[in-house]
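Please look over the sequence and the structure shown here before reading on. The briefing that follows is written for someone who has not met this structure before.

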Amino acid sequence: MSTESSTRPVIDLHAHSNVSDGTESPTVLVETAAAAGIDVLAITDHDTVGGWEEATSAARRSGLTLVPGIEISSAVGGVSIHLLGYLTDPDDAALMAELAHARESRTTRLERMVARMAADGIPVTYEQVLAQVAPGATAGRPHIADALIANGTIRHRDEAFQVWLAEDSPYYVSHHSPHPVRAVELVRAAGGVPVLAHPFTRTRSRGADEALVEQMYAAGLAGLEAFHRDHGPEQIARAEALAERLGLLLTGSSDYHGEGKLNRLGEHTTSPDVLDAIEQASSGHTTIVRP
Ligand code: AMP
Ligand code: FE
Ligand code: FE
Ligand code: ZN
């Protein structure tokens with residue numbers, strides 16, 4: 001009798017802590033994942049490696065395998081494209097400079113969004129928003145939602161995203177983001193492995209298209225996050241067809257944000273051979289943290 005299915009590790013390669021817009025500290029994130037039966041977890045905060053150290057210590061304590069990662073917010077033609085980067089060198093000057101620039105511009109952008117909202121009578125101040133951002137964390141629209149939850153205006157982040165925080169809202173302000181091809185180049189140059197997050201996301205008006213994926217592939221894109229809550233059968237089929245044609249890896253992950261989103265840890269997973277391929281494709285400078 002084969003026991004393969006019962007011993008196959010549960011691998012979730014996309015999760016956020018409060019070092020960006022998740023609601024749990026890196027320690028709590030790792031402990032929650034271990035308790036939920038996740039064997040391998042990637043911490044992929046938006047535009048920062050700031051949670052890696054704490055997550056690494058927590059992983060060593062809880063016996064979970066940790067993949068250090070990031071999720072870069074890139075953009076082209078007004079469309080936001082999220083790129084996961086696994087095992088990048090945290091001391092790579094070019095990548096770190098780009099991420100620092102993004103984080104800075106995210107903060108001023110939130111201040112402008114809040115000013116527009118407040119001018120229109122929505123009860124929120126910039127101070128209230130800053131109070132929701134953990135020290136040193138990457139600020140994002142979810143923190144505006146959190147301020148509105150804290151002051152009793154709404155009950156869940158999603159209510160704010162339905163109208164006020166949406167990309168087509170009059171209050172929306174964009175922030176500095178690299179072109180997706182540049183983001184792929186930066187991740188590769190930092191020895192990391194770039195995987196396009198939720199490429200055809202059906203919850204937003206526009207995602208990536210085949211032509212963009214081809215350009216990113218030419219720059220070194222390694223994979224597509226096909227199995228994700230934001231993808232239905234149609235989006236999965238599109239990703240599978242592209243991966244087949246170009247020879248890209250296919251990953252699946254939760255995109256967990258703690259209580260900030262409905263996404264549950266392990267709701268989509270990645271196969272062990274794909275994780276092996278990701279590890280093989282990295283420079284080896286930053287390594288997977290094994291217990
Ligand atoms: P930003 O990084 O400021 O552009 O904000 C985008 C982030 O908002 C994404 O990474 C999501 O985690 C989060 N987000 C988008 N839509 C929703 C939603 N409906 N409910 C909760 N969080 C959301
Ligand atoms: Fe997020
Ligand atoms: Fe994303
Ligand atoms: Zn994410």
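**Metal sites, ligand 1 and surroundings**

Glutamate 71 is buried, with a relative accessible area of 0%. This is a predicted model, and the points below are grouped by site, starting with the metal ion to which glutamate 71 is a donor together with His82 and His198.

**The iron ion (ligand 3)**

- The iron ion (ligand 3) has as its protein donors Glu71 through OE, His82 through ND1 and His198 through NE2, and these lie 2.1 to 2.2 Å from the ion.
- Along the sequence, the donor residues of the iron ion (ligand 3) follow the spacing E-x10-H-x115-H.
- Because glutamate 71 belongs to strand S3 and histidine 82 to strand S4, the pair ties together parts that are 11 residues apart in sequence.
- Histidine 82 is counted as buried because its relative accessible area is 15%, which is under the 20% limit used for that word.

**The zinc ion (ligand 4)**

- Glu71 (OE) is also among the protein donors of the zinc ion (ligand 4), alongside His14 (NE2), His16 (NE2) and Asp255 (OD), and these donors lie 2.0 to 2.2 Å from the zinc ion.
- The four donor atoms of the zinc ion (ligand 4) form angles of 78 to 169 degrees, and the site is irregular.
- In sequence, the spacing of the donor residues of the zinc ion (ligand 4) is H-x1-H-x54-E-x183-D, and histidine 14 and histidine 16 are both buried.
- The zinc ion (ligand 4) and the iron ion (ligand 2) are separated by 4.6 Å.

**The iron ion (ligand 2)**

- The iron ion (ligand 2) is coordinated by two OD entries of Asp21, by His46 through NE2 and by His257 through NE2, at 2.2 to 2.7 Å.
- The arrangement around the iron ion (ligand 2) is irregular because its six donor atoms subtend angles of 51 to 155 degrees.
- The donor residues of the iron ion (ligand 2) are spaced D-x24-H-x210-H in sequence.
- Distant parts of the chain are linked by the pair of aspartate 21, in the loop between strand S1 (11–12) and helix H2 (26–35), and histidine 46, in strand S2 (residues 40–46), which are 25 residues apart.
- Aspartate 21 and histidine 46 are both buried, and the iron ion (ligand 2) is separated from the iron ion (ligand 3) by 5.5 Å.

**Ligand 1 and its shell**

- There are 13 residues around ligand 1, and those that come nearest are His46, Arg109, Arg141, Asp158 and His257; His46 and His257 also coordinate the iron ion (ligand 2).
- Oxygen atoms of ligand 1 take part in two of the listed approaches, one with a polar side-chain atom of arginine 109 at 2.8 Å and one with a polar backbone atom of arginine 141 at 2.8 Å.
- A nitrogen atom of ligand 1 lies 2.6 Å from a polar side-chain atom of aspartate 158.
- The protein buries 84% of the 500 Å² that ligand 1 exposes when taken alone.
- Two or more residues of the shell around ligand 1 come from each of helix H4 (93–119), helix H6 (141–150) and helix H7 (157–162), and H7 gives the largest share, three residues.

**Helix H8**

- The buried residues in helix H8 (residues 180–189) are Pro180, Val181, Ala183, Val184, Leu186 and Val187.
- The cover over the buried residues of H8 includes strand S3 (65–76), strand S4 (79–86), H4, strand S5 (193–196) and helix H9 (210–218).
- Glycine 191, just after H8, takes a positive phi of about 80 degrees.

**Two further residues**

- Threonine 286 lies in the segment after helix H11 (272–281) and is buried, with a relative accessible area of 9%.
- The side chain of threonine 286 reaches the backbone oxygen of threonine 88 at 2.8 Å, and, leaving aside residues up to four places away in sequence, threonine 286 touches Trp52, Pro68, Leu87, Thr88, Asp89 and Pro90.
- Glutamate 240, by contrast, is partly exposed, with a relative accessible area of 37%, and its place is in helix H10 (residues 233–246).
- Leaving aside residues up to four places away in sequence, glutamate 240 touches Phe227 and Leu250, while its C-alpha atom is separated by 37 Å from that of arginine 155, which is 85 residues away along the chain.

How values were computed. Residues numbered from 1 in each chain as written. Chains lettered and ligands numbered in written order. Predicted model: local features only at pLDDT ≥ 70, side-chain atom pairs only at ≥ 80, totals over all residues. Heavy atoms only, no water. Helix = DSSP H or I, 4+ residues; strand = E, 2+ residues; numbered from the N terminus. Buried < 20%, exposed > 50% of the residue type's maximum accessible area, 1.4 Å probe, protein only. Polar contact = N/O pair within 3.5 Å; in protein donor to acceptor, adjacent residues only side chain to side chain. Contact = heavy atoms within 4.5 Å. Donors = N, O, S within 2.8 Å, 3.2 Å for Na, K, Ca; no water. Tetrahedral: all angles 85-135°; square planar, octahedral: opposite > 155°, others 65-115°. Near = heavy atom within 4 Å. Areas by Shrake-Rupley, 256 points an atom, 1.4 Å probe, with all protein chains shown as cover.
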